[in-house]
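Q: Please take a close look at one chain of this model and at how it packs against its surroundings.

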Amino acid sequence: MTLTATTPAVANRSWLRPGPFALTLPALLLLTLLFMLPLLRLFSLSFEGGDFGWYEKALTGGLYTAILYRTFEIAGIVTFFSLIIGYPVAFLLATTTPIWRAIGFAFVMLPLWTSVLVRTYAWMVLLGRNGILNRVLIDSGMLDTPLSLLNSRLAVILGMIHVMLPFMILPIYSALMRIDPDLPKAARGLGASATRILTTIYLPLTLRGIIAGVTLVFVVSLGFYITPALLGGGKVMMFAMVIEQQVREFLAWNFAGALSVILLALTLMMFWLLNQGVARHLRD
Amino acid sequence: MKWQGRQRGAGTGRILLRVACGLIFAFLMLPLLVLFPISFSSGSYLRFPPPGFSLKWYERYFNDSTWIDATYQSLQVGAATTVLALLIGIPLAFGLVRGRFRGRALIENGISAPIIVPHIVLSIAIYGLFSRLGLIGEWYGIAVAHTVLALPFVVIVLLSGLRDFDTSLELAARGLGAGPIDAARTVTLPILAPSVYSAAFLAFITSFDELVVAMFISGANMTLPKKMFDSIMSEIEPTVAAVSAMQIVLISALLLLGTWLRRPITAPLLR
Amino acid sequence: MNNDRVLSASQRSGRLQVDAASKRFGHVTALSEVSLSVAAGEFVTILGPSGSGKTTLLKVIAGFETADFGRVLIDHADITELDPAQRNIGMVFQNYALFPHMSVARNVAYPLTMRGMPKADIATRVNQALDMVELGNLAERLPKQLSGGQQQRVALARATVFQPRLLLLDEPFGALDRKLREQMQIEVRRLQRRLGLTTLFITHDQEEALVMSDRIAVMDKGRVLQVGPPNEIYEAPANPFVADFIGESNMFAGMVEANGGNLVRVRLEQGPAIEVAGRADLSARPGQKVLVMVRPERFVDLAVDPNSARANRIDGRVTESAYIGVSDKYRVVTPEGIDVLIRLPSGPSHRRYSAGEPIAAGFHAADARLIAVQ
């Protein structure tokens, strides 16, 4: 039987553990000093003179807003095509045999781990007047004179898609792998065609992954510098290039600051919008 | 029911998918493959097909002290970034997973901030700060800046590894008589090793490949990406192709090594 | 030197005592003044539904949680604040917690390695332990190469190889199929008796508890509701929860009409009166509200055996019937609207009823247990 407690109860021993928080301090310190501080400094520079003068300069006159618009346009195109191209790849990877999956992954991972610079340079080689594409087209007789593919919007978009594709594929692949493999089988047994299975099972269930990929690709594309700079050759200006130019060439810190804040604000807004879109949709 | 039709339909759909993906894979790989013949070209321009076979661009790289210095600088910075990112990231990940304190979710979400902030913006911000502090051109400055960029990736990988970690294993070890250090040494770390390797790999790659920040703050002591960028902008000779080709080979070797050792470098990313 | 069959209680197994342990997690009370004592070599099962606090109790005893109030003692030594590594308690986790990166042999050797035993001795002990669970030939395998049952036995070997004073098992058989589970139940009990190990076993499966235990402690919502040997828990549940949790039972609500000492007449809510055995420890005053518990298998088919001296009789209509192999289960509704669950033996000498048929069944007053309503 149970023993009656003849011994007095000991005092309350529960206490919080302060330890785990301390583990985060070095990271917080680093981020404060080398992330928040520089950004805040830039932010304050943009308000030099105590007013919105630099913002005015950026937002009126049409020049910079046009570039901003074009940047959004390119980011949107890149995101769209990355999704269209990336989803089938993710789908194939998720539904194929392990061996083919490993091989497929190599095709996705190798570009991912190669630096953006190397990949962009490769596109320069590929699309140049004497590059492979032109060579093939001319030698096969389809063209007489080489296409001027470089230094164009097309080149920039192609290059950016190439860079962004793995970022779209991976989240979608993750989401696909999380789907219960019995679901499509059940749907099939209930009479659904392959297309319907795609639209009613796979797409809804991978929505989170799609949103993650879209958000990542769009947000990174907005602030992209290297690929537009090299493949656009100065003819295709994306907003990041404008900022770089202001700093390097003109040492216009205040203006660059204002431009940066605008870009950052828009990026955060897009990020919030895309994420909120998910939340609202999922709640339905 | 048109079962026949559906079966066949599923078959052709699958084939179409495979063909499409084949094309996409070609799209992904082709640019990289293109660099190899160019790097062995005997001609000075980016001409295809290359006029002849030559190793001179590789020679140019190895004999040019600026290229070698830049490589060394990148390796140094990369190593420092890796160490720093792990030293800061590992405790952070443990704190986030094992701890229960206010603001934990905030910190976890906030860690991704460096990824969301446009790269160029962060770069000029750091440039501005560093030039005031006179840190331009110092390799440790670059390393610290790179650590900020690498940290989110390191933390993401470690978090997923830690979250998959079965804490009852640690409890079992303690109950069987292991002190906290012994338990960490014999159970926790060996099992977490793959995640740590992945995180280290990611941190190194992030730093080694990074251009925009380095563009501004590496000053006279260029990193390899900066040197490559300058080379691309100023000259058309394909030394860069040789450097790029070597990088691709190195990465491929590392990936192969990873899969051969069964350390799925990519697996912790896919969460 | 080490003959496992020689039991010396003071040397080997400990006497466990938990004094009024309480534990809260935020707003949730996991343990509320839980007291329990387990004699050396005894096998006690903690039985309860999910959330009853049984795992928390186990963690407090093992040292992975510290009670807010109360104490834990082994052999009269207070170990409440002691580090788990120093408690010398063997534990088998629900998911076995075998170290995936170590072989079976290294897993079992782990506690001995941590205690700094010389390598040769470790090897001998590990072999002994593995032989005892009949896994001697799998010493070099990795856990993931073993079946669930085999992993279980490795976990057992690892938990006992260092001769702990107490063995804790946290719902270890959950992942096994029925046959394997029954096999393991027997094996664990055999091992435990052979080693004379004081053992605390956690489960939510009441059949398992009844089969394996010397005593059962039933828990719910952080409290120990009743402790006793299996037959006592089954036949004489102290309160409605225990009665309902163990086995199936009919619970009739009613009011005491007359108390004749040995027999108590209870008028059920729905109208009829039944005679129930009186309880010395329960003063059933007329007018007092009570519950009467009757186990389904205590009913007798009066059509088959009309002359049995059964004090209580129910006449009703079968609404559902189920064939379970060992017995036939019926849901019967009386004209007054009382819903009764009856189990009758099945077989050639017994009648089988189908839904809609009338049935008359009876039960002894002694088979009806009075349960107080708080």
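A: What follows considers chain A, then its contacts with a neighbouring chain and the core.

The model is a predicted one, and in it chain A has 13 helices and zero strands, so that the elements running from the N terminus on are α throughout. Along its principal axes the C-alpha trace of chain A spans about 100 × 65 × 35 Å, and the radius of gyration of chain A is 26 Å, where a compact globule of 284 residues would have a value near 19 Å. Of the 284 residues in chain A, 43% are buried, and among the contacts in chain A with a separation of 6 or more, 75% join residues that are 24 or more positions apart.

Turning to the partner, 66 residues of chain A are in contact with 70 residues of chain B. Helix H1 of chain A (residues 19–45) gives the largest share of the side that touches chain B, namely 15 residues, and that side of chain A is made up of 50 nonpolar, 12 polar and four charged residues.

The largest nonpolar core holds 157 residues, of which A:Ile243, B:Ile124, B:Ile126, B:Val154 and B:Ala203 touch the most other members. B:Ile124, once its neighbours within four places in sequence are left aside, is in contact with A:Leu42, A:Ile243, A:Val247, A:Ala256 and A:Ser260 as well as with B:Phe216. Separate from this, a second core of 107 residues includes C:Ala21, C:Ala157, C:Ala159 and C:Ile233.

Terms used
Residues are numbered from 1 along each chain as its sequence is written. Chains are lettered from A and ligands numbered from 1 in the order in which they are written. This is a predicted model: local features need pLDDT of at least 70, side-chain atom pairs count only at pLDDT 80 or more; totals for chains, interfaces and linings use all residues. A nonpolar core is a set of buried Ala, Val, Leu, Ile, Met, Phe, Trp, Tyr and Cys residues joined through C-beta atoms within 7 Å. A residue is buried if 20 or more other C-beta atoms lie within 10 Å of its own, exposed if 12 or fewer, and partly exposed in between; C-beta atoms are placed from the backbone. Two residues are in contact if their C-beta atoms, placed from the backbone, lie within 7 Å. Helices (H or I, at least four residues) and strands (E, at least two) are DSSP runs, numbered from the N terminus. The radius of gyration is taken over C-alpha atoms; the globule rule is 2.2 Å times the number of residues to the power 0.38. Ala, Val, Leu, Ile, Met, Phe, Trp, Tyr, Cys and Pro count as nonpolar, Asp, Glu, Lys and Arg as charged, and the others, Gly among them, as polar.
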